[in-house]
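Open your viewer and get ready to click along. We will go from the whole chain down to single residues, one selection at a time.

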Amino acid sequence: MAHARTKHATRTHLPHLMAHVPGEQQEPVKQMCLKMMSHDAYGKPYEWSTRDFEMGAPLGRGKFGRVYLARERYSHYIVAMKVMFKEELRKGNVQRQVLREIEIQSRLKHPHILRLLTWFHDESRIYLALEIATEGELFKHLRNAPNHRFDEPRAAKYTYQVANALNYCHLNNVIHRDLKPENILLTGTDDVKLADFGWSAHTPTNKRKTLCGTLDYLPPEMVDGRTYDDSVDQWCLGILCYEFLVGNAPFEANTTENTYDKIRRLEVKYPPHMSKGSKELISGLLRRQGQGRITLINVMTHPWVKENMAKRAAELLQKSSDRGKENVQKNDCGI
Ligand SMILES: Nc1ncnc2c1ncn2[C@@H]1O[C@H](COP(=O)(O)OP(=O)(O)OP(=O)(O)O)[C@@H](O)[C@H]1O
C-alpha cells in the first residue's frame with residue numbers, strides 16, 4: 001500500500017461536518033474525521049484489498065455469500081463484508097446478476113438504501129464492503145413481533161422509508177423488482193435500508209418483460225407475462241405494507257397456481273384489526289393497472305402514514321428519555 005499521500009485533510013475542511021455535533025463530542029469526532037480524510041483512499045482512486053480490513057464475527061449467510069463484520073484497518077470504520085466465491089457464482093449462473101447488483105448499488109446514494117462502499121476481488125472471491133445495519137433482516141423482526149406483525153406506527157414508518165428509497169430509485173431509472181422483508185435491513189436507530197439489488201434493473205426503455213421477484217409479491221402484469229414498468233414496485237410496496245400489518249402476504253396459497261389465481265382476481269382479505277386508513281393505502285397500491293396505483297410521493301404524504309409515523313417518533317423519543325432516566329437512577333445508586 002503506497003503511503004505517499006497527495007491529498008491532506010486540513011481543519012478548514014471540517015466546519016460543515018461539525019455543525020451538528022454536540023460540544024463534548026467535537027474533539028473526538030474531529031480527530032476521527034481527520035484520520036479518515038488522510039486515508040490513502042480519500043479523494044482519489046484506490047485499489048482496496050483484503051489487506052485493508054480486519055475480518056470479525058459472521059453476521060449471516062446468503063445463498064451465495066457469507067457476511068462478516070469487518071473493520072477498515074486505518075480509520076477503524078466498521079462495515080459488513082459480503083464474501084462470495086466466484087466458483088459458486090459461476091455454478092449458480094448468477095455472475096451477471098451480481099455484477100448488476102454491484103453496478104447499480106454502488107451508484108445509489110440514499111439514506112434508506114444500503115450503501116455499497118467499495119468492492120474488490122481476488123482469484124477466488126468477490127468482496128462487497130457494505131454499510132452495516134446492526135439489527136439485520138427486517139424479516140426476523142417481523143417474525144419475532146407479537147402475532148408476527150408490526151403495529152401501525154412501526155409499519156407506517158417503514159412503509160414511508162421504503163417509499164422514499166423506491167422513489168429515489170425510480171428517479172434514477174432503477175426498478176427494484178424484489179421487495180420483501182428479507183431484502184430490507186434494519187439499523188440500530190430503527191431505520192430501514194433497502195438491500196439486495198440482484199433483481200433490479202435499469203429502465204432505459206421503461207418497459208420490460210423478464211419474470212423475476214418473489215411469487216407472493218408478483219404483480220398481475222408479471223404473472224401474465226405482460227410488459228411492465230416501475231409501477232411494479234408500488235404493487236410490491238402494497239404487499240409489503242400488508243405483510244407488516246397482517247404477518248403474511250395477501251395472496252399466499254398452497255400452490256403457485258392458486259397464488260397466481262388470487263393475484264389475478266385481486267382477492268385480498270383485510271382482517272378486522274386493520275384500520276380504515278391502512279386499508280385505503282394498501283388497496284390504492286394493489287391496483288390491477290400500474291397507472292392507477294398511488295404514487296410513491298402520495299404514499300409518503302398519505303394521512304395514515306403521516307399520523308402513524310409521528311406516533312412512532314413520539315414512542316421512540318419516550319423510550320430514549322425513559323432510558324436516560326434509568327441511567328441517571330443507576331448512577332445515583334452507584335451502579
Ligand atoms: N449490511 C449488513 N449489515 C448487517 N447484516 C447484514 C448485512 N448484509 C447482510 N447481512 C446479514 O447477512 C445475511 C446474509 O446476507 P446476504 O446478502 O448474503 O443474503 P441474502 O440477501 O439473504 O441472500 P441471497 O441474496 O443470497 O438470497 C443477511 O440475512 C443478514 O442477516
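This tour moves from the overall fold to the domains, the strands, the ligand and some annotated residues.

**Stop 1: the whole protein**

Before selecting anything, keep in mind that this is a predicted model. Switch on the cartoon view and you can look for 12 helices and 10 strands. The protein has 335 residues, and buried residues make up 30% of them. Now think about which parts of the chain touch each other. Among contacts with a separation of 6 or more, 62% are between residues 24 or more positions apart.

**Stop 2: two domains**

Select residues 45-130 and give them one colour, then select 136-314 and give them another. These are domain 1 and domain 2 in the domain assignment. Their centres, taken over C-alpha atoms, are separated by 26 Å. Where the two domains are in contact, domain 1 supplies 10 residues and domain 2 supplies 18 residues.

Which helix gives the largest share of the side of domain 1 that touches domain 2? Select residues 95-107 to find out: this is helix 4, and 4 residues of that side come from it. As a whole, that side of domain 1 divides into 4 nonpolar, 5 polar and 1 charged residues.

**Stop 3: a hairpin in domain 1**

Next, select 65-72 and 78-85, which are strand 2 and strand 3. The two strands form a hairpin with 5 residues between them. In the turn, click on H76, which has a positive phi of about 65°. Strand 2 and strand 3 pair over 7 bridges in the antiparallel sense. To see one place where they meet, select L69 and look across to A80 in strand 3, which stands opposite.

Keep strand 3 selected and add residues 125-130, which are strand 5. Strand 3 and strand 5 also run antiparallel, and 6 bridges join them. One pair to pick out is K82 and its bridge partner in strand 5, L128.

**Stop 4: K82**

Stay on K82, which lies in strand 3. Is K82 buried or exposed? K82 is buried, because 24 other C-beta atoms lie within 10 Å, and 20 or more are enough to count as buried. Leaving aside neighbours within four places in sequence, K82 is in contact with G65, V67, L128 and L130. An unreviewed UniProt entry lists K82 under "binding site", along with K63, E131, I132, A133, E182, N183 and D196.

**Stop 5: around the ligand**

Now show the ligand and the 21 residues around it. The ones that come nearest are G60, G62, K63, V67 and A80. Strand 1 (53-61), strand 2, strand 3 and strand 6 (136-137) each give two or more residues to this shell. Which strand gives the most? Strand 1 does, with 3 residues.

Colour the shell by residue type and you will find 9 nonpolar, 5 polar and 7 charged residues. Then bring back your two domain colours. The ligand lies between domain 1 and domain 2, because both domains give residues to the shell around it.

**Stop 6: a small set of strands in domain 2**

Follow strand 6 away from the ligand shell. Strand 6 belongs to an open sheet of 3 strands, in the order 6-8-9 and with antiparallel pairing. Strand 6 and strand 9 (192-194) are the edge strands, each pairing on one side only. Strand 6 and strand 8 are joined by 2 bridges. Click on E137 and look for its bridge partner in strand 8, L185.

**Stop 7: the loop before strand 8**

For the last stop, select the loop between strand 7 (174-175) and strand 8 (184-186), where you will find D178. The unreviewed UniProt entry lists D178 as "active site". D178 is partly exposed, because 19 other C-beta atoms lie within 10 Å.

N183 lies in this loop between strand 7 and strand 8 too. Does N183 count as buried or exposed? N183 counts as buried, because it has 22 C-beta neighbours inside 10 Å. To finish, show what N183 touches: leaving aside neighbours within four places in sequence, N183 is in contact with D178, A195 and D196. Both N183 and D196 are among the "binding site" residues in the UniProt list.

Definitions and conventions
Residues are numbered from 1 along each chain as its sequence is written. This is a predicted model: local features need pLDDT of at least 70, side-chain atom pairs count only at pLDDT 80 or more; totals for chains, interfaces and linings use all residues. A residue is buried if 20 or more other C-beta atoms lie within 10 Å of its own, exposed if 12 or fewer, and partly exposed in between; C-beta atoms are placed from the backbone. Two residues are in contact if their C-beta atoms, placed from the backbone, lie within 7 Å. UniProt positions are given in the numbering used here, feature names are shortened, and annotations may be inferred rather than shown by experiment. A residue is near a molecule or strand if its C-beta atom, placed from the backbone, lies within 6 Å of it. Ala, Val, Leu, Ile, Met, Phe, Trp, Tyr, Cys and Pro count as nonpolar, Asp, Glu, Lys and Arg as charged, and the others, Gly among them, as polar. Domain bounds come from an automatic or database domain assignment. Two strands pair if DSSP finds at least two bridges between them.
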